[in-house]
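Trainee: I'd love to look closely at just one part of this protein. Could you pick a piece and walk me through it slowly?

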Amino acid sequence: MQSKTRISHVALEYASQQQADVFFLKVLGIPKVKSTMLYQELCASIFQIEQPVQMETYDNGTARFEVFLTPTPKTRSFAHIGVEIDSKADFLIRCRDQGLKPFFVEKQGKQLLFVRDFSDNLFEVIEK
């Protein structure tokens, strides 16, 4: 019997709790379920980072995000997260209402939708 591997959660860094709440609650519609302080010893053991960090957990039963609040600037990379939504039109409205600038990229005649959140994390948005 073959086992299935599933993604349990995605962890991201965010500079601001307020901006994380706006993006996950208002734009993606994923409720916050927990706030936790990870103490310095735990951060050092797991991440080799010698400082405590606040972690916010957003979970709707299908998608779970652990958001680490840190002012450390990020560098650009190829990393991105693909999320499925019900309606691109509604998503675009929610983004614009919150001051986000989604953008389309053409790939082989198909329009792909992306948005960078308030901490410069890149999301590829796919309509179901």
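Mentor: Happy to! Let's begin with a word we need: helices are DSSP runs of H or I with at least four residues, strands are runs of E with at least two, and both are numbered from the N terminus. Keep in mind that this is a predicted model. The protein has three helices and eight strands, arranged from the N terminus as β-α-β-α-β-β-β-α-β-β-β. Let's settle on helix H3, which spans residues 88-97.

Start at its N-terminal end. Serine 87 acts as a cap there, with a side-chain oxygen 3.4 Å from the backbone nitrogen of alanine 89.

Now move along the helix itself. Phe91, Leu92 and Cys95 are buried, and buried here means under 20% relative accessible area. These residues sit on the same side of H3, because they cover an arc of only 100 degrees around the axis. A general rule helps here: an α-helix has 3.6 residues a turn, so residues three or four places apart point the same way.

What lies over that buried side? The cover includes helix H1 (17-27), along with strands E5 (81-85), E6 (103-107), E7 (110-116) and E8 (122-127). So the cover includes elements from before H3 and after H3 in the sequence.

Finally, look past the other end. Glycine 99 follows H3, and its phi is positive, near 85 degrees.

To put the buried trio in context, 35% of the protein's 128 residues count as buried.

Conventions: Residues numbered from 1 in each chain as written. Predicted model: local features only at pLDDT ≥ 70, side-chain atom pairs only at ≥ 80, totals over all residues. Heavy atoms only, no water. Buried < 20%, exposed > 50% of the residue type's maximum accessible area, 1.4 Å probe, protein only. Arc of directions from axis to C-beta. Contact = heavy atoms within 4.5 Å. Polar contact = N/O pair within 3.5 Å; in protein donor to acceptor, adjacent residues only side chain to side chain.
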